[in-house]
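User: I'd like a close look at a single part of this model: the strand pairing, and whatever is packed around it. Could you take me through it in one go, without skipping the reasoning?

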Amino acid sequence: MIGKHDWKAILAAALLSVVLSAGSAGQAFRITPVRPMAELRAEARKATPPVEPGPFATARLVELTRADSSIHLDIRYATSQNFLGEAVYEQARAFLVVPSAEALIRVSGKLHRKGYGLLVYDAYRPWYVTKIFWEAVPADKREFVADPAQGSNHNRGCAVDLTLYERKTGAAVAMPSGYDEMTPRAYSDYAGASTEEKEHRAILREAMESEGFVPMANEWWHYDYKDCRKYAILNVPFERFRDPLQADGGVTMPKVLKHVAPEYSKEAREKHIEGTLILSLVVDADGVPGDIRVRRGLGCGLDEEAIQAVKQWRFEPGKKDGKPVAVSVQIELHFHSM
Ligand SMILES: [Zn+2]
């Protein structure tokens, strides 16, 4: 039996279920889409994935953060911080099919002992998104995107793009290139990186390979799990999977209507501070945030900047039995220094 006040505690315990990306020191690697994005999106949603001969293994997709809460997300395709400069996912979520998800959780455990965690950029990707990427990039950059006629292992829920974060600080480690950077620095054998960057790349690779993941030659962040061709290409958008924002006890989590990105403080910029800042707050029945507290700070002025920004956010309030109610939530803000 859930008491009158207990559901709030349950929601608060459903830690990190609101994951938003905001605040950036600079620009992600960008291409200029060859045609307008709205046109590409509409076309891709109408297109049909290639027909492949089966039979296929049953694909049970697991939401990674639910299976292992130490796995952090930085789903760039749900934000404008990606190579297209526009969000292509409606939700920041990451899924893999069962055997690969289990293997990734083992990788995560192995890395903990070395002081690292996994930061996932992308995992299962509905086929229409692969189609958008292919149609958007100029011909000379197509080696970095999958051909929709073949489908990508991401479409099969069998590939993951990821990096490491430091458990102590929550900050992403230095790697030889940014995510989705379409240059030779992205190659997994690129030798021009710093010793530290190469070391991080090697730690990730060793842990991933030890559990059956196969690296990709031209993207250090991309790994395929074995036997991906067993799984069919899927075209199910994230919104069709049970919404994690639908909390237990019949209370829905608030949704962000308006978000203001925090400023990147001068001091943090100079020191190249990166990482995940966590705030807790209460979203009242009018969708206004209050009682904003820093749960995990990054210092260097970023905590204050984050509070100032989140004060200006507005939400669609959480609801219980269809009525707006105050709900406590946690928000992750990812700061990147690029
Ligand atoms: Zn990938």
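Analyst: Sure. The ground rule for pairing is that two strands pair if DSSP finds at least two bridges between them. Also keep in mind that this is a predicted model.

Let's try the rule on a simple case. Strand β10 (residues 275-283) is joined to β15 by nine bridges, and the two run antiparallel. With a cut-off of two bridges, β10 and β15 therefore count as a pair. One rung you can pick out in the viewer is leucine 279, whose bridge partner in β15 is isoleucine 331. As for its surroundings, β15 (residues 327-335) is mostly covered, with seven of its nine residues buried.

Now the sheet I'd spend the time on. It's an open one with five strands, ordered β3-β5-β6-β8-β7, and its pairing is mixed. The edges are β3 (72-73) and β7 (213-216); each has a single partner strand, so one side of each has no neighbour in the sheet.

Work inwards and you reach β6. Strands β5 and β6 pair antiparallel through six bridges. Look there for glycine 117, which sits opposite tyrosine 165 in β6. Turn to β8 and you'll find that β6 (residues 159-166) is joined to β8 (residues 219-225) by three bridges, again antiparallel. Two of the facing positions are easy to find: valine 160 is opposite tyrosine 223 in β8, and aspartate 161 is opposite histidine 222 in β8. If you're tracking which way side chains point, remember that in a regular strand they alternate between the two faces of the sheet. β6 is also mostly covered, since seven of its eight residues are buried, a label that takes 20 or more other C-beta atoms within 10 Å.

What packs on this sheet? Helices α4 and α6 do. Helix α4 (residues 98-112) touches β5 (116-122), β6, β7 and β8, and its direction makes about 145° with that of β5. Helix α6 (residues 195-209) touches β5, β6, β7 and β8 as well, and here the angle is about 145° to the direction of β7.

Just past β8, have a look at the backbone. Aspartate 227 is in the loop between β8 and β9 (255-258). Its phi is positive, about 55°, even though it isn't a glycine. It has 13 other C-beta atoms within 10 Å, so it counts as partly exposed. Cysteine 300 is another residue to check: not a glycine, yet its phi is positive at about 55°. That one is in the loop between β11 (289-296) and α8 (302-311). Cysteine 300 has 18 other C-beta atoms within 10 Å; buried would take 20 or more, so it is partly exposed.

There's a helix pair to look at too. The axes of α2 (residues 37-46) and α5 (residues 127-136) come within 9 Å and cross at roughly 135°. Roughly antiparallel would need an angle over 145 degrees, so α2 and α5 are oblique to each other. The crossing is right-handed. On the α2 side the contact uses Leu40, Arg41, Ala44 and Arg45, which meet Tyr128, Lys131, Ile132, Glu135 and Ala136 in α5. Sorted by class, that's five nonpolar, four charged and no polar residues.

Stay on α5 for one last residue, threonine 130. Threonine 130 has 24 other C-beta atoms within 10 Å, so it is buried. Leaving out residues up to four places away in sequence, threonine 130 touches Arg125, Ala146, Pro148, Gly151, Ser152, His154 and Asn155. Of these, proline 148 is 18 residues away in sequence but 5.9 Å away in space, C-alpha to C-alpha.

To put all that in context, the protein chain has eight helices and 15 strands, and 40% of its 338 residues are buried. Among contacts between residues at least 6 apart in sequence, 78% join residues at least 24 apart.

Key: Residues are numbered from 1 along each chain as its sequence is written. This is a predicted model: local features need pLDDT of at least 70, side-chain atom pairs count only at pLDDT 80 or more; totals for chains, interfaces and linings use all residues. Helices (H or I, at least four residues) and strands (E, at least two) are DSSP runs, numbered from the N terminus. Two residues are in contact if their C-beta atoms, placed from the backbone, lie within 7 Å. Axes are lines fitted to C-alpha atoms, for helices over the stretch in contact, and angles run from 0 to 180 degrees between N-to-C directions. A residue is buried if 20 or more other C-beta atoms lie within 10 Å of its own, exposed if 12 or fewer, and partly exposed in between; C-beta atoms are placed from the backbone. Angles under 35 degrees count as roughly parallel, over 145 as roughly antiparallel, 65 to 115 as roughly perpendicular and the rest as oblique. A crossing is left-handed if the near helix is turned anticlockwise from the far one by less than a right angle, and right-handed if clockwise. Ala, Val, Leu, Ile, Met, Phe, Trp, Tyr, Cys and Pro count as nonpolar, Asp, Glu, Lys and Arg as charged, and the others, Gly among them, as polar.
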